[in-house]
Amino acid sequence: MKNLFYYRDKYVRSQPSAFCPGCGGGIILNCFLRAIDDLGLDLDKILAVSGIGCTAWIPSPNFNGDTLHTTHGRAIAFATGAKAYNPDLTTVVFTGDGDGAGIGGNHLIHAARRNIDLKVILVNNMSYAMTGGQIAPTTLHGETTVTSPYGNPEFPFDITQLVKAAGASYVAKWSTYHVLELTRSIKEALQHKGFSFIEVLSQCPTQQRRIFNLRGTLQSLPPRILDMFGESTVIRGRPDKGDYVYAVPKEDVSETLKQVESLGISARVVDHIGFGQVVRVDEEPESVKAKLEALSSVTYVADHKESKIEMGLFEKKSRPEFTDSLKEIIKKARGE
Ligand SMILES: Cc1ncc(C[n+]2csc(CCOP(=O)(O)OP(=O)(O)O)c2C)c(N)n1
Ligand SMILES: [Mg+2]
C-alpha cells in the first residue's frame with residue numbers, strides 16, 4: 001500500500017499549497033496522481049493544461065510533470081493545439097466550471113463535437129470561486145452568491161448532459177466524496193481514445209459557506225460539505241435501498257427534529273443540496289410518511305430520490321478521433 005508521501009515525493013512539486021484549507025482541489029489532484037501511478041504512465045508523456053482559477057492550480061504549480069497554465073476559459077483551446085501538434089502526449093485539461101462551462105463553454109462543446117483525444121476534468125464548485133464566488137453557469141437556481149445576494153434568478157447547465165449531447169465519447173460525473181469511483185473513472189478516461197470528460201462536484205468551504213447558507217466554524221465545513229455531497233447524490237445503476245425519507249422543515253430544523261423525536265421516531269439533521277438542512281428519518285416511507293406530514297413544523301416529506309444529483313458513467317462509446325482524422329487528411333493533401 002503506497003502512502004501519501006510516496007505520491008507527494010514522486011509527483012508533487014515541493015512548495016506550500018495555495019489552496020484554502022479543506023479545498024477539493026487536493027482531493028482531485030490525489031485521485032489524478034493515483035490514476036497515473038496505477039496505470040504506470042510515464043511523466044514525460046503527460047501534458048497537463050489549465051486555464052485560470054483555483055482549479056487551474058491543481059496541476060500548475062502542483063504537478064511535477066509538464067504543465068501549461070493558460071488564460072481564463074482557453075485551456076481547451078490551448079490543449080487542442082498541443083494535442084494536434086503532438087498527439088502522442090496524454091493531454092489532460094483541468095478546468096473550473098466558470099473557466100470550462102462559462103467563459104470557455106464554446107471551446108468545451110466544440111472539442112466534444114470533434115472528439116479530440118483530450119481528458120477534461122471539470123471541477124464544479126458551483127461558482128467563480130477564486131474571484132469571490134460570483135454566479136457561474138453551474139450555480140443552482142435561488143442560491144445566494146456575491147452577485148446574487150437575494151438568490152440566483154438563473155438555472156444551471158447540466159454540463160455532463162451538454163457535453164454528452166455535443167458528442168463526447170467518454171462522459172462521467174463524480175464528486176470529491178466519491179474518491180475511489182473518481183480515481184477509477186480518471187483511469188478509464190486516460191485509457192479511452194477520444195474526448196473524455198469528467199465533471200467533479202467539488203467542495204469550496206470558502207464560497208459554499210454562503211452558497212449553501214452553512215453556519216458553523218470554517219473547520220467544520222469541509223467534512224460537512226462532503227457528507228452533503230454523499231447525501232445529495234445517487235449513483236446510476238447502483239441499487240438504492242430507499243428505506244428513508246426527508247422531513248423538510250417550514251423554518252427551524254431543530255424544531256422539526258424535536259417534533260419528529262417526540263413521536264418516538266429516531267432522526268437526525270443532515271445537509272442536502274436540494275433542500276438545505278432537513279431531518280432524515282431512516283424508516284420505511286409507508287410507516288412514517290403520514291405521521292411526519294401531520295407535524296406542524298414540516299412543510300413537505302420528500303422521497304429519498306427526490307432532488308438528488310446523478311453520478312456515474314453517462315457515456316462510453318467508440319467513434320473516430322479528431323487527430324487520427326487530421327493525420328489522414330494531411331496525408332491525402334500531401335498526396336502520400
Ligand atoms: C478574461 C478574464 N476574465 C476574468 C478573469 C478573472 N478571473 C480569474 S479566476 C476567475 C474565476 C474562475 O472560476 P472557475 O473557473 O469556476 O474556477 P474556480 O476558481 O472556481 O476553481 C475569474 C473570473 C480573468 N483572469 N480573465
Ligand atoms: Mg468554479
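## Briefing on strand pairing, the ligand 1 shell and cysteines

Strand 9 (residues 268-272) and strand 10 run antiparallel and are joined by five bridges. The structure is a predicted model, and the points below treat its strand pairing, the surroundings of ligand 1 and its cysteines in turn. Around ligand 1 there are 16 residues, while a search of the whole structure for disulfides finds zero.

**Strands 8, 9 and 10**

- The connection between strand 9 and strand 10 is a hairpin, which passes through three residues.
- Within the pairing that involves strand 10, Val270 stands opposite Val278.
- Strand 10 (residues 276-281) also pairs with strand 8 (residues 245-249), again in the antiparallel sense, and this pairing extends over three bridges.
- On the side of strand 8, Ala247 is the residue that stands opposite Val279 in strand 10.

**The shell around ligand 1**

- Of the 16 residues that surround ligand 1, the closest are Cys54, Thr55, Asp97, Gly98 and Asp99.
- Helix 4 (residues 97-103) contributes four residues to this shell, which is the largest share.
- By residue class, the shell around ligand 1 divides into six nonpolar, eight polar and two charged residues.

**Polar contacts and cover of ligand 1**

- Asp97 places a polar side-chain atom 2.7 Å from an oxygen atom of ligand 1, whereas for Asp99 it is a backbone N or O atom that lies 2.6 Å from an oxygen atom of the ligand.
- Asn125 likewise has a polar side-chain atom at 3.0 Å from an oxygen atom of ligand 1.
- On its own, ligand 1 has 590 Å² of accessible area, of which the protein covers 71%.

**Cysteines without disulfides**

- The search for disulfides, which covers the whole structure, finds zero, and Cys20 is accordingly in no disulfide, with the nearest cysteine sulfur, that of Cys204, 6.4 Å away.
- Because a disulfide requires two cysteine sulfur atoms within 2.5 Å, the distance of 6.4 Å between the sulfur atoms of Cys20 and Cys204 does not qualify.
- Cys20 counts as partly exposed, since its relative accessibility is 40%.
- Cys31 is also in no disulfide, and the nearest cysteine sulfur, which belongs to Cys23, is 13 Å away.
- With a relative accessible area of 3%, Cys31 is buried, because the term applies to residues under 20% relative accessible area.

Terms used
Residues are numbered from 1 along each chain as its sequence is written. Chains are lettered from A and ligands numbered from 1 in the order in which they are written. This is a predicted model: local features need pLDDT of at least 70, side-chain atom pairs count only at pLDDT 80 or more; totals for chains, interfaces and linings use all residues. Side-chain values use heavy atoms; hydrogens and water are left out. A residue is near a molecule or strand if one of its heavy atoms lies within 4 Å of it. A polar contact is a pair of N or O atoms within 3.5 Å; within protein, one must be able to donate a hydrogen and the other to accept it, and residues adjacent in sequence count only if both atoms are side-chain atoms. Accessible areas come from the Shrake-Rupley method with a 1.4 Å probe; for residues, only the protein chains shown count as cover. Helices (H or I, at least four residues) and strands (E, at least two) are DSSP runs, numbered from the N terminus. Ala, Val, Leu, Ile, Met, Phe, Trp, Tyr, Cys and Pro count as nonpolar, Asp, Glu, Lys and Arg as charged, and the others, Gly among them, as polar. Two strands pair if DSSP finds at least two bridges between them. Buried means under 20% relative accessible area, exposed over 50%, partly exposed in between (1.4 Å probe, protein chains only).
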